Amino acid sequence: FIIPGGLGGFGLELADWLVLRGCRKLVLSSSRGITKQYQSYRIKIWESYGVKVSINTSDISSKSGCEQLIRDAIQLGPVGGIFNLAVLLRDSIFENQDVAKFVECMAPKAVATKHLDELSRILCPELQYFVIFSSVSCGRGNAGQSNYGMANSVMERIMEQRHKFGLPAKA
């Protein structure tokens with residue numbers, strides 16, 4: 001399984017949940033890699049269970065980075081699932097938002113999901129799960145999170161299209 005955002009708090013919990021249910025090969029994607037002792041601690045525990053854990057720092061905001069992430073994962077075996085938890089918050093009231101904050105916020109969510117969707121259709125024939133972690137902010141709104149809400153909304157539209165074509169898709 002590939003987990004963009006896999007070294008964050010929620011990503012570590014998802015990885016643990018998967019491991020406890022039989023997952024034995026994980027690729028955790030993070031722009032910074034391991035930065036905390038707790039991350040290393042959790043990985044050592046999983047490895048003691050016989051889990052192969054790979055850390056990938058490819059830039060998932062680019063198609064080439066997403067392709068590198070998937071190709072690295074394929075080295076461990078067929079990709080069975082992609083769970084996008086990656087996020088980069090750039091909160092600010094709308095009057096203080098700018099193009100750069102939108103671009104930064106959209107990159108790990110909307111842009112990466114678009115690339116992972118396109119590439120997984122070609123490179124992951126055994127894919128069973130494609131899950132994005134969205135937010136109520138895309139439907140209800142949240143003060144200061146117009147860019148975050150938009151990024152989540154784009155991801156949900158991608159999942160709708162995947163579902164329409166009978167592909168794995170959950171938001």
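Here is a walk through the chain, from its overall layout to a few residues worth finding on screen.

Keep in mind that this is a predicted model, where local features need pLDDT of at least 70, side-chain atom pairs count only at pLDDT 80 or more, and totals for chains, interfaces and linings use all residues. Residues are numbered from 1 along each chain as its sequence is written, and side-chain values use heavy atoms, with hydrogens and water left out.

Let's start with the big picture. The protein chain has 5 helices and 5 strands; helices (H or I, at least four residues) and strands (E, at least two) are DSSP runs, numbered from the N terminus. Follow the chain from the N terminus and you'll meet the elements in the order β-α-β-α-β-α-β-α-β-α. Of the 171 residues, 46% are buried, where buried means under 20% relative accessible area, exposed means over 50%, and partly exposed is in between (1.4 Å probe, protein chains only). The accessible surface is about 9,000 Å², and carbon and sulfur atoms own 55% of it; such areas come from the Shrake-Rupley method with a 1.4 Å probe, and for residues only the protein chains shown count as cover. Now look at contacts, meaning heavy atoms within 4.5 Å. Among contacts with a separation of 6 or more, 70% are between residues 24 or more positions apart.

Next, find helix 1, which covers residues 9–20. Its 12 residues reach 17 Å from the first C-alpha to the last, close to the 16 Å expected at 1.5 Å a residue (the expected span is 1.5 Å times one less than the number of residues). Gly 11, Leu 12, Leu 14, Ala 15, Asp 16, Leu 18 and Val 19 are its buried residues. An α-helix has 3.6 residues a turn, so residues three or four places apart point the same way. What covers the buried residues of helix 1? The cover includes strand 1 (2–4), strand 2 (25–29), helix 2 (37–48) and strand 4 (81–84). Just after the helix, Gly 22 takes a positive phi of about 110 degrees.

Helix 2 deserves a second look. Its axis comes within 11 Å of the axis of helix 1, and the two cross at roughly 5 degrees. That makes the pair roughly parallel, because angles under 35 degrees count as roughly parallel, over 145 as roughly antiparallel, 65 to 115 as roughly perpendicular and the rest as oblique. Axes here are lines fitted to C-alpha atoms, for helices over the stretch in contact, with angles from 0 to 180 degrees between N-to-C directions. On the helix 1 side, Leu 12, Glu 13, Ala 15, Asp 16 and Val 19 meet Tyr 38, Gln 39, Arg 42 and Trp 46 of helix 2. Leu 12 is buried, at a relative accessible area of 3%, and its C-alpha sits 7.6 Å from that of Gln 39, 27 residues apart along the chain.

Finally, hunt for rings. There are 5 aromatic pairs: rings of Phe, Tyr and Trp (its six-membered ring) pair if their centres lie within 6.5 Å, with planes under 30 degrees apart counted as stacked, over 60 as edge-to-face and the rest as tilted. One of the pairs is Phe 1 with Phe 83, edge-to-face at 5.6 Å centre to centre and 80 degrees between the planes. This pair links distant parts of the chain, since Phe 1 is in the segment before strand 1 and Phe 83 is in strand 4, 82 residues apart. Phe 1 is partly exposed at 24%, while Phe 83 is buried at 7%. Together with Tyr 129, they form one aromatic cluster.
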